[in-house]
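Visitor: I would like a close look at a single part of this molecule, taken slowly and with each term explained. Could you walk me through one strand, its partners and the ligand?

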Amino acid sequence: MLEYVLPQHANIGGTVFGGQIMAWVDLCAAICAQRHAGRPCVTAFVDDLLFKRPVLVGQVVRLRAQLRATFRTSMEIDVSVTGEDTVTGEVWPTVECRVVFVAVDEARRPTAVPPLVLETAEERTAQIAAEERRRARLAKR
Ligand SMILES: CC(C)(COP(=O)(O)OP(=O)(O)OC[C@H]1O[C@@H](n2cnc3c(N)ncnc32)[C@H](O)[C@@H]1OP(=O)(O)O)[C@@H](O)C(=O)NCCC(=O)NCCS
């Protein structure tokens, strides 16, 4: 997902609001979740966000969402956010974030998602690590 940073996205310092980046992260991950689930999905949990470097008005925010793990009704999605200066060509990391989405039915009840097909050792390792994080998140409820 690409967003051109306009004055309405920025604070008085001319950099994008953190909350605006969070909204774009949520939207990008929602698209990813719903493409996989084939159902409407809701945000259940957002991991810590670290804002590494700002993006200014006139620059571009690039967001990339990747499904990392599936459980019964929930999915863990990584979103990486980078800034881009289209004039100089410079690209820099801005935010890395993990989001959990849950697929829901017509009554907004959690509903099963298709399992992610794990083809590589790296993908299988990512699923196991995500299962650990899922247990930790649920333990905090
Ligand atoms: C997210 C939601 C659907 C979970 O439903 P629930 O009945 O409370 O939870 P359940 O115990 O049945 O769990 C459903 C799934 O949510 C996951 N989940 C619930 N709480 C979670 C949390 N704090 N962190 C991560 N996953 C969580 C569970 O692991 C489960 O996934 P699984 O089936 O893959 O194991 C429900 O809490 C909800 O609707 N929350 C509001 C969502 C919302 O408004 N989001 C913002 C706008 S989109």
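Guide: What follows looks at strand 4, then at its neighbours, and then at the ligand.

This is a predicted model, in which local features need pLDDT of at least 70 and side-chain atom pairs count only at pLDDT 80 or more, while totals for chains, interfaces and linings use all residues. Residues are numbered from 1 along each chain as its sequence is written, and side-chain values use heavy atoms, with hydrogens and water left out.

Strand 4 covers residues 74–84, and eight of these eleven residues are buried, so the strand is largely enclosed by the rest of the structure. Here a strand is a DSSP run of E with at least two residues, a helix is a run of H or I with at least four, and both are numbered from the N terminus. Buried means under 20% relative accessible area, exposed means over 50%, and partly exposed lies in between, with a 1.4 Å probe and protein chains only.

On one side of the pairing, strand 3 (residues 60–70) runs antiparallel to strand 4 and is joined to it by ten bridges; two strands count as paired if DSSP finds at least two bridges between them. Within this pair, Arg62 stands opposite Thr82 of strand 4, and the two strands form a hairpin with three residues between them.

Strand 4 also pairs with strand 5 (residues 91–103), again in the antiparallel sense, over eleven bridges. Glu76 is found opposite Val100 of strand 5. These two strands form a hairpin as well, with six residues between them, and Gly89 in the turn has a positive phi of about 85 degrees.

The ligand is surrounded by 15 residues, and the closest are Thr43, Arg72, Thr73, Ser74 and Arg134; a residue is near a molecule if one of its heavy atoms lies within 4 Å of it. Strand 5, strand 2 (41–46) and helix 2 (121–139) each supply at least two residues of this shell, and the largest share, four residues, comes from strand 2.

Some polar contacts, meaning pairs of N or O atoms within 3.5 Å, can be followed atom by atom. A polar backbone atom of Thr43 is 2.9 Å from a nitrogen atom of the ligand, and an N or O atom in the side chain of Thr73 is 2.7 Å from an oxygen atom of the ligand. For Arg141, a polar side-chain atom lies 3.3 Å from an oxygen atom of the ligand. Taken alone, the ligand exposes 930 Å², of which the protein buries 59%, with accessible areas computed by the Shrake-Rupley method with a 1.4 Å probe.

Technical notes
A polar contact is a pair of N or O atoms within 3.5 Å; within protein, one must be able to donate a hydrogen and the other to accept it, and residues adjacent in sequence count only if both atoms are side-chain atoms.
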